[in-house]
Amino acid sequence: MRPDADLDDVVGILTRDGAVIVEELVNDETLARLWDDLGPALDAHDFSGDWYNGKRTRRVSSLFARTTRLTPVVTHPLYLGAARRIMQEPTHMWIGRARVEMVPSIQISGTQLIQIHPGQGKQPLHRDDALHLRRHPGPTSRVQLMLAMSEFTAANGGTMVIPGSHHWDDERAPRAEEALPTEMPAGSGLIWLGGVYHGGGHNAADTPRTGLTIALDLGNLRQEENQYLAVPMEAVLAYPEEVRRLLGYDRCSPGLGWYEMEDPYVLLERAEAATKSG
Ligand SMILES: O=C(O)CCC(=O)C(=O)O
């Protein structure tokens, strides 16, 4: 899809196929600055060393603490817009005789830079929302993005995806032959639903493949990566309100995540006020 595609069309494809590629999700300038901020950390990290994360794969997390430049990525209208539309389903409950309408929040759950080096084999196909031990099929609780920091090809380990697999139940196991490789130029992004079977591909090329992934989950679930520990408050303050709230300084209706019985966002407002006055 083009970056100015209609959100309804993107949501329609995601609902049907579970995955979609958005071209030119970020511009060359943003991509170059992300490489400046995150590339050195990648070079300093060793291979992850286990069969699942990949013995020829480097991974760097805590991305919102390492760069202040992720706003255009996480707030891209087709990514955040689709995540909100798909996950923030209005619901209601009775509190006594009052029928109370509410909408859940969403939150940044996990962030990683994933660099698959030549010789890395296929990762086992998996569903990321299985982290929450949920059953399938069912309402989507995760919408994830993989931004291509370098070109993704069938040969260099472009993410393997089984289209439509979010509709499967939990008795059907994925088979490698059912998965298609993600092919996209640097700067484009793959968006997929948490119930879709996918995994890193085999890199049979001679250069590494690098992707930056961000997962958005429903706000009433435990974050995959503990953002409160991963991102110090000063780093959160470098981001605008929408991103700060996505980083967890928000309350999920009807009353999850409060601090001193208030919206945790007040902590950031107080920290900012203290910086200005002091
Ligand atoms: O790197 C990729 O293409 C996908 C990685 C992945 O799915 C994972 O590590 O859970």
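**Exercise 1. The ligand shell**

Which residues are around the ligand? Sort them by chemistry and by strand.

*Solution.* First, the ground rules. This is a predicted model: local features need pLDDT of at least 70, side-chain atom pairs count only at pLDDT 80 or more, and totals for chains, interfaces and linings use all residues. Residues are numbered from 1 along each chain as its sequence is written.

Step 1. List the shell. Around the ligand are Ile-114, Ile-116, Gln-123, Met-146, Thr-159, His-198, Gly-199, Gly-200 and Gly-211. A residue counts as near a molecule or strand if its C-beta atom, placed from the backbone, lies within 6 Å of it.

Step 2. Sort by chemistry. Three shell residues are nonpolar, six are polar and none is charged. Here Ala, Val, Leu, Ile, Met, Phe, Trp, Tyr, Cys and Pro count as nonpolar, Asp, Glu, Lys and Arg as charged, and the others, Gly among them, as polar.

Step 3. Sort by strand. β5 (106-116) and β10 (198-199) each give at least two residues to the shell. Strands (E, at least two residues) and helices (H or I, at least four) are DSSP runs, numbered from the N terminus.

**Exercise 2. The three-stranded sheet**

Work out the order of the open sheet of three strands, then find its edges.

*Solution.* Step 1. Read the order: β8-β7-β10, with antiparallel pairing. Two strands pair if DSSP finds at least two bridges between them.

Step 2. Find the edges. β8 (180-181) and β10 each pair on one side only.

Step 3. Check one pair. β7 (residues 160-161) and β10 are joined by two bridges in the antiparallel sense. Met-160 has Gly-199 of β10 as its bridge partner.

**Exercise 3. The six-stranded sheet**

Trace the open sheet of six strands and place the helices that pack on it.

*Solution.* Step 1. The order is β1-β9-β6-β11-β5-β2, and the pairing is antiparallel. β1 (19-22) and β2 (57-60) are the edges; each has a single partner strand, so one side of each lacks a neighbour in the sheet. Neighbouring strands are turned by 20° against each other on average, direction ignored.

Step 2. Count bridges. β1 and β9 (residues 189-193) share four, in the antiparallel sense. Val-22 is bridged to Gly-189 in β9.

Step 3. Add the helices. α1 (residues 7-17) lies across β1 and β9, at about 145° to β1. α5 also packs on the sheet and touches β5, β6 (142-148), β9 and β11 (209-218); its direction makes about 165° with that of β6. Axes are lines fitted to C-alpha atoms, for helices over the stretch in contact, and angles run from 0 to 180 degrees between N-to-C directions.

Step 4. Look at β11. Ten of its ten residues are buried. Buried means 20 or more other C-beta atoms within 10 Å of a residue's own, exposed means 12 or fewer, and partly exposed lies in between; C-beta atoms are placed from the backbone. β11 pairs with β5 over ten bridges and with β6 over seven. Gly-110 is bridged to Ala-215, and Arg-142 to Asp-217.

**Exercise 4. The core**

Which members of the largest nonpolar core touch the most other members?

*Solution.* Step 1. They are Val-74, Ala-82, Ala-83, Val-143, Leu-147, Ile-191 and Leu-247, in a core of 60 residues. Helix α5 (residues 79-87) gives this core its largest share, six residues. A nonpolar core is a set of buried Ala, Val, Leu, Ile, Met, Phe, Trp, Tyr and Cys residues joined through C-beta atoms within 7 Å.

Step 2. Follow Leu-147. Leaving aside neighbours within four places in sequence, Leu-147 contacts Leu-25, Val-26, Val-73, Gly-189, Gly-211 and Leu-212. Contact means C-beta atoms, placed from the backbone, within 7 Å.

**Exercise 5. Backbone oddities**

Locate two cis peptide bonds and two residues with positive phi.

*Solution.* Step 1. The bond from His-136 to Pro-137 is cis, with omega near -10°. Pro-137 sits in the loop between β5 and β6. The bond from Ser-253 to Pro-254 is also cis, with omega near 0°. Pro-254 is in the loop between α8 (241-246) and α9 (265-277).

Step 2. Glu-24 has a positive phi of about 45°, though not a glycine. Glu-24 lies in the loop between β1 and α2 (28-44). Glu-24 is partly exposed, with 14 other C-beta atoms within 10 Å.

Step 3. Leu-133, also not a glycine, has a positive phi of about 50°. The loop between β5 and β6 holds Leu-133. Leu-133 is exposed, with 6 other C-beta atoms within 10 Å.

Note on methods. Contact = placed C-beta atoms within 7 Å.
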